[in-house]
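Please study the sequence and the structure shown below before attempting the exercises. Each exercise states a task and is followed by a solution in steps.

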Amino acid sequence: PDPSAFEETPKAPEHRYTLIGKSLIELADREVDHSQTLLGARWLCRGGSALFIGASGMGKSSSAAQMDILWSCGRAAFGISPEKALRIATFQAENDDDDLSEMAKGVMAGIKDELNETERDMVRENTLTVSLPSCNADLFLSELRGFAKDWRPDIIRIDPLQSFANPRDPDKTMDFCHHGLSLIAKELGFGIVLVFLQKTQTK
């Protein structure tokens, strides 16, 4: 027969992922890897994320600063203990430098007597605040990987999430959080704390 009379059979699409699962018995028998824990009893692990929610003016940023100061020198904050002294970088787009200074001064005034000089040096070494007042999500993600490779943070804090992703656009929020931020965190082994600005209810 004439070969030209036959159409080529289309190839089956290639699979991008191999789905591998575990039985519940296998999961029950395996040991939990506690070396991946950053905060609490697996409250936050490397590659994982936590959401810190509060309304405007309720003290989210001040509370976050207190957490970072204490966690960065190995102390508990608000009942949550770090596994070790953690390196924490905050990327924020809500406060100017004077706001940040007033906030840091206020937090330090409340706990300064609790910290010895060694712990103060640890806070100085292990915390970093980067202000990004006009940085879009794609640019931030492209810069984050290089920063994390160089600075080697244990935790990245985003304050607030709405500066990089609009919750009213679930597709873009999913791209930023799940397909962008989470993948980088898993690749480079840090945890994520997302500060979420909750709108107050008006009557």
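The exercises below concern the fold, one helix, its salt bridges, a helix pair and some backbone features.

The model is a predicted one, in which local features need pLDDT of at least 70, side-chain atom pairs count only at pLDDT 80 or more, and totals for chains, interfaces and linings use all residues. Residues are numbered from 1 along each chain as its sequence is written, and side-chain values use heavy atoms, with hydrogens and water left out.

**Exercise 1. The chain as a whole**

Task: State how many helices and strands there are in the chain, and give the pattern that the chain follows along the sequence.

Solution.
Step 1. Helices (H or I, at least four residues) and strands (E, at least two) are DSSP runs, numbered from the N terminus.
Step 2. The chain contains 6 helices and 7 strands.
Step 3. Along the sequence the pattern reads α-β-β-β-α-β-α-α-β-α-β-α-β.
Step 4. Residues are classed as buried (under 20% relative accessible area), exposed (over 50%) or partly exposed (in between), with a 1.4 Å probe and protein chains only. Of the 203 residues of the chain, 36% count as buried.

**Exercise 2. The two sides of helix H4**

Task: Determine which residues of helix H4 are buried and which are exposed.

Solution.
Step 1. Helix H4 covers residues 117-126, and its buried residues are Glu119, Val123 and Asn126.
Step 2. These buried residues line one face of the helix, because they fall within an arc of 85° when seen down the axis of H4. The arc is that of the directions from the helix axis to the C-beta atoms.
Step 3. Glu117, Thr118, Arg124 and Glu125 are exposed on the other side of H4.
Step 4. The buried residues of H4 pack against helix H2 (60-72), strand S4 (88-92), strand S5 (127-131) and helix H5 (137-151); a contact means heavy atoms within 4.5 Å.

**Exercise 3. Salt bridges involving helix H4**

Task: Identify the residues with which Glu119, Glu125 and Asp121 form salt bridges.

Solution.
Step 1. Side chains of opposite charge can pair when their charged atoms come close. A salt bridge is a side-chain nitrogen of Lys or Arg within 4 Å of a carboxyl oxygen of Asp or Glu. By this rule the count comes to 7 salt bridges.
Step 2. Glu119 pairs with Arg75, and their closest N and O atoms are 2.9 Å apart. This pair links distant parts of the chain, since Arg75 is in the loop between H2 and S4 and Glu119 is in helix H4, 44 residues apart. Arg75 is partly exposed at 28% relative accessible area, whereas Glu119 is buried at 12%.
Step 3. Glu125 pairs with Arg87, with the closest N and O atoms 3.6 Å apart. Arg87 lies in the loop between H2 and S4 and Glu125 in helix H4, so the pair ties together parts that are 38 residues apart in sequence. Arg87 counts as buried, at 18% relative accessibility.
Step 4. Asp121 pairs with Arg124, with the closest N and O atoms 2.9 Å apart. Being 3 residues apart in helix H4, Asp121 and Arg124 are separated by about one helical turn. Asp121 is partly exposed at 44%, and Arg124 is exposed at 57%.

**Exercise 4. The packing of H5 and H6**

Task: Decide whether H5 and H6 are roughly parallel or roughly antiparallel to each other.

Solution.
Step 1. The two helices pack at an angle of about 5°, with their axes 10 Å apart. Axes are lines fitted to C-alpha atoms, for helices over the stretch in contact, and angles run from 0 to 180 degrees between N-to-C directions.
Step 2. Angles under 35 degrees count as roughly parallel, over 145 as roughly antiparallel, 65 to 115 as roughly perpendicular and the rest as oblique.
Step 3. H5 and H6 are therefore roughly parallel to each other.
Step 4. Residues of H5 including Phe140, Leu141 and Leu144 meet residues of H6 including Phe176, Leu181 and Ile184.

**Exercise 5. Backbone features in loops**

Task: Locate Pro160, Arg42 and Phe78 in the chain, and describe the backbone there.

Solution.
Step 1. Pro160 is in the loop between strand S6 (155-159) and H6. The peptide bond from Asp159 to Pro160 is cis, with omega near -10°.
Step 2. Arg42 is in the loop between strand S1 (37-39) and strand S2 (44-45). Its phi is near 65°, a positive value in a residue other than glycine.
Step 3. Phe78, in the loop between H2 and S4, has a positive phi of about 55° although it is not a glycine. Phe78 counts as exposed, at 52% relative accessibility.
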